[in-house]
Amino acid sequence: MSAAIRGEFRKFLSTRMWWILGLAMFAYLLFLGAVLAFSFAYGSTTASVDTGAPLLSGEDAATMTYSLTSPLGYVFPLIIGSLLFTNEFRHQTITPTLLVEPRRTVLVLAKLVVAAIFGVIIGVIATAGTVAGGAPVLALMGEGAYLGNSDVWSLLGWSVVVMAIWNVLGVAIGGLLTNQVAAIIVIIGFTQFVEPIARVAMTAVDALQGVSAYLPGAAADAVLGTSFFGSMGETDLLSRWAGGLVMLAYIAIFALGARFITLRRDIG
């Protein structure tokens, strides 16, 4: 198992795409963090005058700004994680990989372990991007960045954990959808269109409000402890442990699919 993990480490580090996507993720979340912080800092007074209902301010504004990392940025760790498997099939290295490590279950587990470790790094980069964009704006134009607040630091820590979980899920998805282009299209389509629309739409239907909590993004928000989509009416989240179990269930389903569907076929 340790040899398989070392091999996956070397393969992951040998590609440039992961750090290119990491830099893009950092820049993207830095921009979104700054924009959202600006909307809270600058727009709250206007909203209060026009509607009598001020936008979030103070610690609530900081918390909501820093909580956007997973809901708006999880497409990146999913894609980065998927590369651990899809690159093997794209570059036809899966055959020598299986010759070195013929135990398919060990291979899947090794990729999941490496994804979890690198996922922490990706989570730090993503969370740092959001903070780098949002904190200066909140400090200069709002009521403060609240980076000395223990609750804020707890949120940032869970943000790193959640992004690591997304990276692991990406590996499992890539193992089932081995075509790299298809995997990326599915991930982008689901994260940017299907799930956000479904989560907002389900809040309008009483019978479906409970179901929406079990969608991957909602489960991740439960682990995070807050929901960026709460500003759009969605507030019913699972408990943190339940959200974590739902995320693990998604990982297990796709990983088992990779093991018993993809890797069960003859590969040559």
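How far apart are the end C-alpha atoms of helix α12 (residues 240–262), and what should its 23 residues span at 1.5 Å a residue? The expected span, taken as 1.5 Å times one less than the number of residues, is 33 Å, and the end C-alpha atoms of α12 are 32 Å apart, which agrees. Helices here are DSSP runs of H or I with at least four residues, and strands are runs of E with at least two, numbered from the N terminus.

The model is a predicted one, in which local features need pLDDT of at least 70 and side-chain atom pairs count only at pLDDT 80 or more, while totals for chains, interfaces and linings use all residues. Residues are numbered from 1 along each chain as its sequence is written, and side-chain values use heavy atoms, with hydrogens and water left out.

Staying with α12, its buried residues (buried meaning under 20% relative accessible area, exposed over 50% and partly exposed in between, with a 1.4 Å probe and protein chains only) are A242, G243, G244, V246, M247, I251, A255, G257, A258, R259 and T262. The cover over these buried residues includes α5 (75–90), α7, α8 (150–176) and α11 (216–224). R259, one of the buried residues of α12, also lies over the face of F260, at 4.8 Å from the ring centre. A charge is taken to sit over a ring if NZ of Lys or CZ of Arg is within 6 Å of the ring centre and within 35 degrees of the ring normal. Another such arrangement involves K111, whose charged end sits over the ring of F85, 5.0 Å from its centre.

The UniProt record, in an unreviewed entry, places the feature "transmembrane region" at residues 20–43, 63–85, 106–132, 152–169, 176–194 and 241–262; such positions are given in the numbering used here, with shortened feature names, and the annotations may be inferred rather than shown by experiment. Over residues 63–85 the model is 87% helix and 0% strand, with the end C-alpha atoms 35 Å apart. For residues 176–194 the figures are 84% helix and 0% strand, and the end C-alpha atoms lie 19 Å apart.

We turn next to the aromatic rings. Rings of Phe, Tyr and Trp (its six-membered ring) pair if their centres lie within 6.5 Å, and planes under 30 degrees apart count as stacked, over 60 as edge-to-face and the rest as tilted. A search of the whole structure finds six aromatic pairs. One of them joins F9 and F118 in a tilted arrangement, 5.3 Å centre to centre with 55° between the planes. Because F9 lies in helix α1 (residues 2–13) and F118 in helix α7 (residues 104–141), this pair ties together parts that are 109 residues apart in sequence. F9 is partly exposed, with a relative accessible area of 23%, whereas F118 counts as buried at 5%. F118 also forms a tilted pair with F12, 4.3 Å centre to centre and with 35° between the planes. Here too the partners lie in α1 and α7, so the pair of F12 and F118 ties together parts that are 106 residues apart in sequence. Ring pairs link F9, F12, W18 and F118 into a cluster.

Helix α1 also holds E8, which is buried with a relative accessible area of 3%. Not counting residues up to four places away in sequence, E8 touches (heavy atoms within 4.5 Å) L84, E88, T97, L107, A110, K111 and V114.

The largest nonpolar core, a nonpolar core being a set of buried Ala, Val, Leu, Ile, Met, Phe, Trp, Tyr and Cys residues joined through side-chain atoms within 4.5 Å, has 69 residues, and those with the most contacts inside it are M25, Y66, L78, L112 and W166. Helix α7 gives the most to this core, with 14 residues. Leaving aside residues up to four places away in sequence, Y66 touches T130, V131, A135, L138, A145, L147, V152, L155 and L156. In helix α5 lies F76, which counts as buried at 14% relative accessibility and, apart from its neighbours within four places in sequence, is in contact with L21, A24, M25 and Y28.

Two loop residues close the tour. Q92, in the loop between α5 and α6 (94–100), has a positive phi of about 60° although it is not a glycine. Y146, in the loop between α7 and α8, likewise has a positive phi of about 60° without being a glycine, and Y146 is partly exposed, with a relative accessible area of 27%.
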